[in-house]
There are 2 protein chains.
Amino acid sequence: MDRKAVCLLSGGLDSATALAWAQREGYDCYALTFDYGQRHRIELDAAKRVASSLEVKEHLILSLDLRTIGGSALTADIPVPKGRSEAEIGHGIPVTYVPARNTIFLAYALAWAEVLGAEDIVIGVNALDYSGYPDCRPEYIEAFEKMANLATKAGVEGTSRFRIHTPLIKLEKGEIVKKAMEFGVDLSLTWSCYEPAPSGLACGSCDACRLRLKGFRSAGVSDPLKYATILQA
Amino acid sequence: MDRKAVCLLSGGLDSATALAWAQREGYDCYALTFDYGQRHRIELDAAKRVASSLEVKEHLILSLDLRTIGGSALTADIPVPKGRSEAEIGHGIPVTYVPARNTIFLAYALAWAEVLGAEDIVIGVNALDYSGYPDCRPEYIEAFEKMANLATKAGVEGTSRFRIHTPLIKLEKGEIVKKAMEFGVDLSLTWSCYEPAPSGLACGSCDACRLRLKGFRSAGVSDPLKYATILQA
């Protein structure tokens with residue numbers, strides 16, 4: 001039997017690793033990426049490169065208008081924080097939080113899964129080394145899954161039982177880097193930085209760069225990406 | 001204290017009545033409409049007229065790309081059923097079901113509510129005289145509300161407790177027509193038909209027209225809209 005999975009793919013380290021996990025598990029992967037007016041649009045190119053390198057069945061890029069709603073440093077005119085320490089990154093919910101973003105993303109994934117006849121949705125959230133986003137926690141994912149099975153024709157008629165897979169949710173960043181390498185992900189194709197430097201390089205100081213760099217450091221490997229600056233841990 | 005509510009507004013009888021309910025309850029209403037490539041785009045004009053007539057604080061029309069996902073007679077090249085009996089309409093989930101539509105709509109409503117500082121979201125779903133859509137049932141709405149409070153910064157930090165209001169969920173169509181009139185909704189501004197006749201009139205035979213006409217009949221009032229044809233009940 002063909003097993004199809006819709007895999008959310010931002011183009012970052014985590015989503016690329018989650019997609020590679022799904023491939024390893026034998027799913028036919030349908031990658032879903034959102035162009036939501038994010039500052040770091042370079043990640044859309046990363047998503048295309050990763051999807052192509054991992055040979056997904058289909059890669060759908062949907063345009064969403066989150067800028068109209070605003071409310072985040074990633075979608076509105078609010079500065080992206082730079083140079084925060086690990087302790088600061090681990091504390092509280094930062095201004096890069098995009099209101100209800102994963103709920104919107106998972107809602108589209110659910111719609112596409114239902115149309116494709118897929119039961120499985122894969123998202124690379126992680127609740128340990130993360131930016132404090134509420135919609136990356138296991139209790140949120142469980143509540144979404146429950147809702148999804150009540151929301152849909154396939155769920156209600158019992159023809160499908162939707163599952164939200166979070167293969168990275170309990171991993172630290174270093175473990176994610178190791179998994180990515182084990183799965184053969186070409187990490188030079190991925191992109192994490194929220195706000196690239198004018199040179200086009202990853203800034204090295206936003207929360208996303210710092211978490212990524214911490215991951216490579218813990219894994220004991222060097223990041224193939226070039227950075228404008230690398231702050232001390 | 002100002003109480004803000006985000007009110008989903010399609011431009012139909014139900015959403016207009018739900019919006020009027022929220023106004024009556026004293027909310028500052030922020031109407032949210034989606035241009036999702038629906039066949040019956042005339043409903044967008046109806047939504048604008050209704051929002052203006054009910055004097056909402058703001059009316060946001062977001063463009064969504066549901067056609068790319070497809071899977072419904074409302075968004076893909078699948079014929080809209082016509083002339084179905086009430087028994088047929090009440091049985092099973094029809095091809096006009098749009099996969100995960102209310103989940104996508106409510107996810108955006110949640111995002112906008114969080115940005116506005118609103119705790120209340122109003123949706124005119126109704127589980128009695130409805131088209132059999134799974135995402136119109138109370139158990140679905142409850143599951144969404146629970147998920148919403150785990151998904152958001154405001155929910156997690158306890159600064160907001162999101163509530164999804166469904167003022168019409170237990171009403172029959174005839175009762176909704178009566179409520180609309182009690183609330184002073186100008187029903188000539190609303191639109192329900194899924195696929196207007198070539199003349200531009202409501203077709204009178206799709207499920208949406210038939211449910212609407214049934215509502216006016218039970219309420220003992222005549223529908224101010226003109227129809228291309230009106231089938232016998």
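A residue counts as buried here if 20 or more other C-beta atoms lie within 10 Å of its own, with C-beta atoms placed from the backbone. By that criterion, in this predicted model, strand S2 of chain B, residues 28-35, is mostly covered, with six of its eight residues buried.

S2(B) has a partner in strand S1 of chain B, residues 4-8; the two pair in the parallel sense over five bridges. Within this pairing, Ala5(B) stands opposite Cys29(B) of S2(B). Between S1(B) and S2(B) the chain passes through helix H1 of chain B, residues 13-24, and the resulting β-α-β crossover is right-handed. S2(B) also pairs with strand S3 of chain B, residues 58-63, again in the parallel sense, over six bridges. There, Thr33(B) has Ile61(B) in S3(B) as its bridge partner.

For the overall fold, consider chain A. Eight helices and five strands are found in chain A, and along the sequence they follow the pattern β-α-β-α-β-α-α-β-α-α-β-α-α. The radius of gyration of chain A is 17 Å, close to the 17 Å given by the globule rule for 233 residues, so chain A is as compact as a globular protein of that length. Its C-alpha atoms fill a box of roughly 55 × 40 × 30 Å along the principal axes. Of the 233 residues in chain A, 54% are buried. Among contacts in chain A between residues at least 6 apart in sequence, 72% join residues at least 24 apart.

How are the two chains related? A turn of 180° with a shift of 0.0 Å along the axis lays chain B on chain A with an RMSD of 0.0 Å. This is the relation of a two-fold axis. Of the interface residues of chain B, 100% are also interface residues in chain A, so the copies meet through the same surface.

Terms used. Residues numbered from 1 in each chain as written. Chains lettered and ligands numbered in written order. Predicted model: local features only at pLDDT ≥ 70, side-chain atom pairs only at ≥ 80, totals over all residues. Buried ≥ 20, exposed ≤ 12 C-beta atoms within 10 Å, placed from the backbone. Helix = DSSP H or I, 4+ residues; strand = E, 2+ residues; numbered from the N terminus. Pairing = 2+ DSSP bridges. Right-handed = clockwise from strand over helix to strand, strands pointing away. Least-squares fit on C-alpha atoms with pLDDT ≥ 70 in both. Contact = placed C-beta atoms within 7 Å. Rg over C-alpha atoms; globule rule 2.2 N^0.38 Å.
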